[in-house]
Amino acid sequence: MISMKIAPRLHRFVRHAGGLAAVEFALIVPVLITLYFGTLETTNALTASRRVTNVAETAADLVAQATSVSTADLNDIFAASTAILTPFNAQSVKIVISSVVADTNNKTTIAWSAAYGGATARATNSAFTLPAGLTTPNTSVVMAEVTYTYTSPLGTFITGPLTMSEIAYLRPRRSITVAKTS
């Protein structure tokens, strides 16, 4: 008997589609918001990654164009390189620029190294292994190593900071090696 009273009401409920659009909207909105912010975060992270690459290439390129660099020159190069990260926060960038020299046996060592942003410079005259084919005997390579911690305002809650790094190698353009003066 109860089922005879419920059946017409159930039938009316199933046929009535007045709230269907609201239910569909409530189910789809979280997915669309997630896609929107996910796209935004991915785009920002890719942009930061490209800028980290540009910082490394610019730092190495500016040093490779000189015949010698001083500490003041390196400070200017560090400042110019970190400006590339704008509008991202450049306080977490670490840069190490080194001159790697190959001797007559193509054994490579660090001729000099300078660091920025709390990074540690490489030890002078320490052995260093470069990727194959970058040097020949009696040549050198300018190497810029960049590490950047990308922190997104939205990604902090989900993934936390991302560490990005890049190494750029360039040959000196106007001399065999780039000397470092005081």
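Me: How much area does the protein expose, and what share of it do carbon and sulfur atoms supply?

Reply: Happy to start there. The protein exposes about 11300 Å², and 61% of it comes from carbon and sulfur atoms. Accessible areas here come from the Shrake-Rupley method with a 1.4 Å probe, and for residues only the protein chains shown count as cover. This is a predicted model, where local features need pLDDT of at least 70, side-chain atom pairs count only at pLDDT 80 or more, and totals for chains, interfaces and linings use all residues. Residues are numbered from 1 along each chain as its sequence is written, and side-chain values use heavy atoms, with hydrogens and water left out.

Me: What radius of gyration does the protein have?

Reply: The radius is taken over C-alpha atoms, and the globule rule is 2.2 Å times the number of residues to the power 0.38. For 182 residues a compact globule would come near 16 Å, but the protein has 29 Å. Its C-alpha atoms fill a box of roughly 100 × 30 × 25 Å along the principal axes.

Me: Is I95 buried or exposed?

Reply: Buried means under 20% relative accessible area, exposed over 50%, and partly exposed in between (1.4 Å probe, protein chains only). I95 has a relative accessible area of 0%, so I95 is buried. Of the 182 residues of the protein, 30% count as buried.

Me: Which residues is I95 in contact with, leaving aside neighbours within four places in sequence?

Reply: Contact means heavy atoms within 4.5 Å. The partners of I95 include V55, F78, A115 and V146. A115 is 20 residues away along the chain, yet the C-alpha atoms of I95 and A115 are separated by 5.7 Å.
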